[in-house]
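Here are my notes for someone opening this structure for the first time. Have the sequence and the model side by side as you read.

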Protein chains: 2
Amino acid sequence: MARGSETRSKIMDIAQEAVLAKGFDSTSIEEIVASAEITKSGFFYHFKDKNALAYALIERHIGVEDALFDDLFGRARDLSDDPLQAMLIGLKLLAELIEDMPGGHPGCIVATAAYQDRLFNNDVREINARAVLGWRARFRPMFDDIAAKYPPREAVDLDQLADMVSTVIEGGLVMGRALANPAATSQQIMLFRSYIKLLFQPQD
Amino acid sequence: MARGSETRSKIMDIAQEAVLAKGFDSTSIEEIVASAEITKSGFFYHFKDKNALAYALIERHIGVEDALFDDLFGRARDLSDDPLQAMLIGLKLLAELIEDMPGGHPGCIVATAAYQDRLFNNDVREINARAVLGWRARFRPMFDDIAAKYPPREAVDLDQLADMVSTVIEGGLVMGRALANPAATSQQIMLFRSYIKLLFQPQD
DNA sequence: GCAAAAACTGTACTGCCGGTATTGTAAAGC
DNA sequence: GCTTTACAATACCGGCAGTACAGTTTTTGC
C-alpha cells in the first residue's frame with residue numbers, strides 16, 4: 001500500500017518539476033523513469049499512458065491550489081468584513097504570492113494543457129475545463145457580494161469578471177515567459193485589482 | 001525565384017493551418033510534405049529544421065497582424081479625434097474582429113511558442129519576445145496621449161497597461177480553449193475596455 | 001545557348017520516444 | 001500458502017525529426 005503510492009508520487013514529483021521547466025511534451029517518460037530509478041514497466045504500472053500522468057498532475061495541482069486559495073482569501077476575509085476590501089486584500093496577497101514563487105507558477109500545467117489540446121485526450125481536457133470553472137465558482141459569489149453592496153459603475157457580466165482572474169493570471173504567465181520577466185504576472189494581477197477598485201469603490 | 005518562394009509559402013500555408021488546428025508539436029513534417037506534395041528533402045531545403053519553420057510562421061504572422069492593427073486602430077482614429085474615444089472604438093473593433101474569426105486567432109502560434117519554450121531554440125524565443133514588445137510599443141504611445149489629456153484616476157505604469165492588451169488576449173485565448181468558448185477572448189477584451197473607460201474617462 | 005546555381009526527387013538510414021508484450025519475482029495481505 | 005500488488009528485465013513496434021548523399025530538373029545570368 002505505502003510502497004505503491006510512494007513510487008507514484010515520486011514519479012509525479014519528478015515529472016512536475018520537469019514539466020514546469022521544459023513543458024509537457026519535451027519531458028520524456030524515459031527521462032522520468034531514469035530519474036526516479038525505476039523501469040518503464042514501473043511507470044506504466046502506475047499510469048496507463050502519458051495522458052494519465054497529465055491528468056494526475058493537473059488533478060493534484062488543482063487540490064493544492066484550492067487549499068492555497070482557501071487560505072489566502074480566508075485570511076483576506078479575516079482582515080476585513082467588507083467584501084470589496086477583502087477582495088482587494090486577497091488580490092494583493094495573490095500578487096505577492098505569485099511574485100515570490102521561484103521558477104514560476106504551477107498553473108503553467110493547466111495552461112499548457114489548454115494549448116496542447118489535441119495532444120491530450122478528452123479526460124485531460126475535461127479536468128482542465130473543470131479547473132477553470134472551479135475558479136469561476138470561487139470568485140463569482142465574491143463578486144455577487146461586492147455588487148450587492150456596491151453597485152458597479154459599468155454593466156458587467158459577473159461570470160466574465162470572475163473569469164478575468166484566470167485570464168489575467170494565465171495571460172500574465174504567457175507574458176512572463178515571453179518576456180522572461182517573472183514579475184509580469186503579479187503586475188497584471190495588480191492592474192486587475194485596480195479595475196475592481198474603480199468598478200466598485202464609491203467615489204469620494 | 002518564383003518557384004522557390006511559391007513552394008516555401010505553400011509549405012507555410014499548410015503548416016499554419018495544421019498548427020492552428022492541432023498545435024505545433026502534433027503537426028509532423030511528414031504530414032506537411034505529404035499534403036504539399038513534395039518530399040522530405042524538399043522541406044529541408046527550405047527550412048533547416050522545425051525551428052526554422054516556427055520562426056518563419058511567427059515572423060509572417062507578426063507582419064499580417066501589424067498590418068491588421070494598423071488598419072483597425074487607424075480606422076478608430078478616423079472615427080474620433082479624441083485619443084480615449086479612438087482607443088475605446090479600436091478595442092471594440094478588435095473584440096468584434098476576434099469574435100468573427102473562425103477557428104480561433106492566429107495569435108495562438110505566438111502563445112504556443114511562449115509556452116513550449118524549451119521546445120524551441122533561442123531564435124524563436126527572441127522573435128516571440130520581439131512580437132510582444134512590438135505590441136507594447138504600439139499601445140504605449142496611445143496610452144501616453146490618453147493620459148496626457150485625461151489624468152488616470154489610479155496610478156498605473158503605462159507599459160504594464162499596454163502589456164495588458166496582450167495579456168488579456170493571450171489569457172482569453174487560453175480560456176477560450178479550456179472552456180471551448182470562442183467568445184471568451186472578445187468578452188475579456190471588452191472587460192479591459194471597461195477598465196480603460198473607468199481609468200481615464202472623466203466622471204459626469 | 002550554355003554553365004552554374006537553385007530547387008528539388010529518391011532512398012536509405014540513425015536515434016529518440018511512446019507504447020506494447022511477455023515473463024518473472026519479491027513483498028504484503030488475507 | 002495462495003493471491004494480489006508492485007514492480008524488474010528484455011525485447012520489440014511504429015512514428016517522427018533529422019541526416020546523408022547521389023541524382024535530376026528548372027531557372028537564371030551571361
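**Notes on the two DNA strands and the two chains**

1. Let's start at a backbone atom: an N or O atom of the main chain of Ile29(B) sits 2.9 Å from a phosphate oxygen of DNA strand D. That is a polar contact (a pair of N or O atoms within 3.5 Å; within protein, one must be able to donate a hydrogen and the other to accept it, and residues adjacent in sequence count only if both atoms are side-chain atoms). Helix H1 (2–22) and H3 of chain A, along with helix H2 (29–36) and H3 of chain B, are the elements that give two or more residues to the surface near DNA strand D. Helices here are DSSP runs (H or I, at least four residues; strands are E, at least two), numbered from the N terminus.

2. A word on what you're looking at: this is a predicted model, where local features need pLDDT of at least 70 and side-chain atom pairs count only at pLDDT 80 or more, while totals for chains, interfaces and linings use all residues. Residues are numbered from 1 along each chain as its sequence is written, chains are lettered from A and ligands numbered from 1 in the order in which they are written, and side-chain values use heavy atoms, with hydrogens and water left out.

3. Back to strand D. There are 21 residues around DNA strand D, and the closest are Thr7(A), Thr39(A), Ser41(A), Tyr45(A) and His46(A). Of the strand D atoms that come within 4 Å of the protein, 66% are sugar and phosphate. ("Near" a strand means that a heavy atom of the residue lies within 4 Å of it.) Phosphate oxygens of DNA strand D lie 2.8 Å from a polar side-chain atom of Thr39(A) and 2.8 Å from a side-chain N or O atom of Tyr45(A).

4. Which helix gives the largest share of the surface near DNA strand D? It's H3(A), with 4 residues. By class, that surface has 5 nonpolar, 8 polar and 8 charged residues. For the classes, Ala, Val, Leu, Ile, Met, Phe, Trp, Tyr, Cys and Pro count as nonpolar, Asp, Glu, Lys and Arg as charged, and the others, Gly among them, as polar.

5. Now strand C. DNA strand C is surrounded by 18 residues, with Lys40(A), Thr39(B), Ser41(B), Tyr45(B) and His46(B) the closest. Base oxygens of DNA strand C are 2.9 Å from a side-chain N or O atom of Lys40(A) and 2.5 Å from one of Ser41(B). Thr39(B) goes for the backbone of the DNA instead, with a polar side-chain atom 2.6 Å from a phosphate oxygen of DNA strand C.

6. For the surface near DNA strand C, the largest share is 4 residues, from H3(B). By class, the count is 4 nonpolar, 8 polar and 6 charged residues. Sugar or phosphate makes up 59% of the strand C atoms within 4 Å of the protein, and bases make up the rest.

7. How are the chains related? A rotation of 180° with 0.0 Å of shift along its axis superposes chain A on chain B, with RMSD 0.1 Å (a least-squares fit on the C-alpha atoms of residues with pLDDT of at least 70 in both). This is the relation of a two-fold axis. The chain A C-alpha nearest the axis belongs to Gly171(A), at 1.9 Å.

8. One last spot: Asn128(A), Ala129(A), Val132(A), Leu133(A) and Arg136(A) in H7(A) meet Met175(B), Ala178(B) and Leu179(B) in H8(B), where contact means heavy atoms within 4.5 Å. By class, this contact has 6 nonpolar, 1 polar and 1 charged residues.
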